[in-house]
Amino acid sequence: MLFATVGQGRLFIFMMACGAAIGAWYALTEALRRFLQAGTLLSLGCDLLFGLGGAALLIAFSLVADRGALRPFELIAAALGAALFRFAAMPPLFALGRLLRRSLRRSIAWLAEKSLIKIIFK
């Protein structure tokens with residue numbers, strides 16, 4: 001009976017995409033925090049940036065999807081989308097990031113051994 005009204009299924013999927021976008025935004029701010037090696041104030045700034053961006057995404061998606069009417073099942077769909085992003089998309093992305101970082105370090109080490117690099121950066 002949840003999706004009895006026409007268009008609610010589409011709305012549920014759209015808000016799941018909103019949750020995935022919020023999950024991606026969180027991953028981006030988490031990466032920024034790690035890159036900056038954030039202390040207390042920078043961590044607070046990153047958390048505020050995530051909160052503002054997540055709220056803006058939720059409001060924008062709800063405006064586009066349902067003219068700003070926010071129903072409880074939309075929030076459930078957004079939470080489900082964020083959870084799916086976190087547990088289904090993030091592990092492969094982290095593995096890919098580790099692989100790229102490892103190959104970049106090996107490439108830099110290989111280039112550092114070559115004499116041409118030593119001549120260029122003399």
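This report describes the helices, a nonpolar surface patch and the cysteines of one predicted model.

Residues are numbered from 1 along each chain as its sequence is written, and because the model is predicted, local features need pLDDT of at least 70 and side-chain atom pairs count only at pLDDT 80 or more, while totals for chains, interfaces and linings use all residues. Side-chain values rest on heavy atoms, with hydrogens and water left out.

Helix α3 (helices are DSSP runs of H or I with at least four residues, numbered from the N terminus) covers residues 72–113, and its 42 residues reach 60 Å from first C-alpha to last, close to the 62 Å expected at 1.5 Å a residue. At M90, shortly before the proline P91, α3 has a kink of about 45 degrees, where the bend is the angle between axes fitted to the seven residues ending there and the seven starting there. M90 is also one of the buried residues of α3, which include F73 and F85.

L32, F35, L36, L42 and L49 make a nonpolar surface patch of about 470 Å². The elements that give two or more residues to this patch are α1 (8–36) and α2 (40–66), and α1 gives the most, with three residues. F35 is found in α1.

The table sets three residues side by side, where buried means under 20% relative accessible area, exposed over 50%, and partly exposed in between (1.4 Å probe, protein chains only).

| Residue | State | Relative accessible area |
|---|---|---|
| C18 | buried | 0% |
| C46 | buried | 4% |
| F35 | exposed | 69% |

A disulfide is a pair of cysteine sulfur atoms within 2.5 Å, and by this rule the count comes to zero disulfides.

Key:
Patch = residues over 30% accessible without salt bridge, like charges linked within 9 Å, V, L, I, M, F, W, Y side chains within 5 Å. Areas by Shrake-Rupley, 256 points an atom, 1.4 Å probe, with all protein chains shown as cover. Salt bridge = Lys/Arg side-chain N within 4 Å of Asp/Glu carboxyl O. Expected span 1.5 Å × (residues − 1).
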